[in-house]
Amino acid sequence: VGHIEKDGGTTRVMLGERVVGEHADAGELVLVRGRWAYVSNDGAATVMVDGASFPMPALIPGTLQFSTDGARWGCLSGDPVSRDVMLVIDGKPRRPLDFEALAAHLQARLKQGRAANVDAFMRDWVAAELTRVEEP
């Protein structure tokens, strides 16, 4: 069991009674099959996974997650050079978000009278891509 606690200007990431990180700010704690990840922000966004750090130039909030088996993790982050929103798996940029597919998905939902939830679409896309990756 894990949680994040704020005490003054310090944010602690806790796994049980153990402190696994102290930062100016942290959030999005994800726990899957004994693995853990969260987003720290000490001036720049960094994904922390099992104690390793992965700086993200422009992390898209709410997209950090593990594959269902816990073998891989992924998120979306902006690339400052290409200006694309990139799928990141295990700390490595894989491919840009397909904005045409995003627009088509949202239009289809609106035509069905359903809400167009961009956040849910991006989370679902990361989850689907994590299931497709064969290498851990």
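Helix α1 is followed by G113, a residue whose phi is positive, near 75°. This value, like the others here, comes from a predicted model, and it invites us to walk back along the helix that G113 follows.

Helix α1 is made up of 13 residues, 99-111, and from its first C-alpha to its last it reaches 18 Å, which is close to the 18 Å expected at 1.5 Å a residue. At the start of α1, the side chain of D98 places an oxygen within 3.0 Å of the backbone nitrogen of E100.

Which residues of α1 are buried? They are L102, L106 and R109, where buried means that under 20% of the relative accessible area remains. These residues lie on the same side of α1 because they cover an arc of only 60° around the axis. On the other side of the helix, E100 and K111 are exposed. The buried residues of α1 pack against a second helix, α2, which spans residues 118-132.

Elsewhere in the chain, we can turn to a sheet. Strands of a sheet pair through backbone hydrogen bonds, and they may do so in a parallel or an antiparallel way. Here the sheet is open and has 4 strands in the order β4-β5-β6-β7, with antiparallel pairing. Its edge strands, β4 (26-32) and β7 (52-55), each pair on one side only. Leaving direction aside, neighbouring strands of this sheet are turned by 20° against each other on average.

To follow one pairing in detail, look at β4 and β5 (residues 35-41), which run antiparallel and are joined by 5 bridges. Within this pairing, G27 has V39 of β5 as its bridge partner.

Methods: Residues numbered from 1 in each chain as written. Predicted model: local features only at pLDDT ≥ 70, side-chain atom pairs only at ≥ 80, totals over all residues. Heavy atoms only, no water. Pairing = 2+ DSSP bridges. Helix = DSSP H or I, 4+ residues; strand = E, 2+ residues; numbered from the N terminus. Axes fitted to C-alpha atoms, helices over the stretch in contact; angles between N-to-C directions. Expected span 1.5 Å × (residues − 1). Buried < 20%, exposed > 50% of the residue type's maximum accessible area, 1.4 Å probe, protein only. Arc of directions from axis to C-beta. Contact = heavy atoms within 4.5 Å. Polar contact = N/O pair within 3.5 Å; in protein donor to acceptor, adjacent residues only side chain to side chain.
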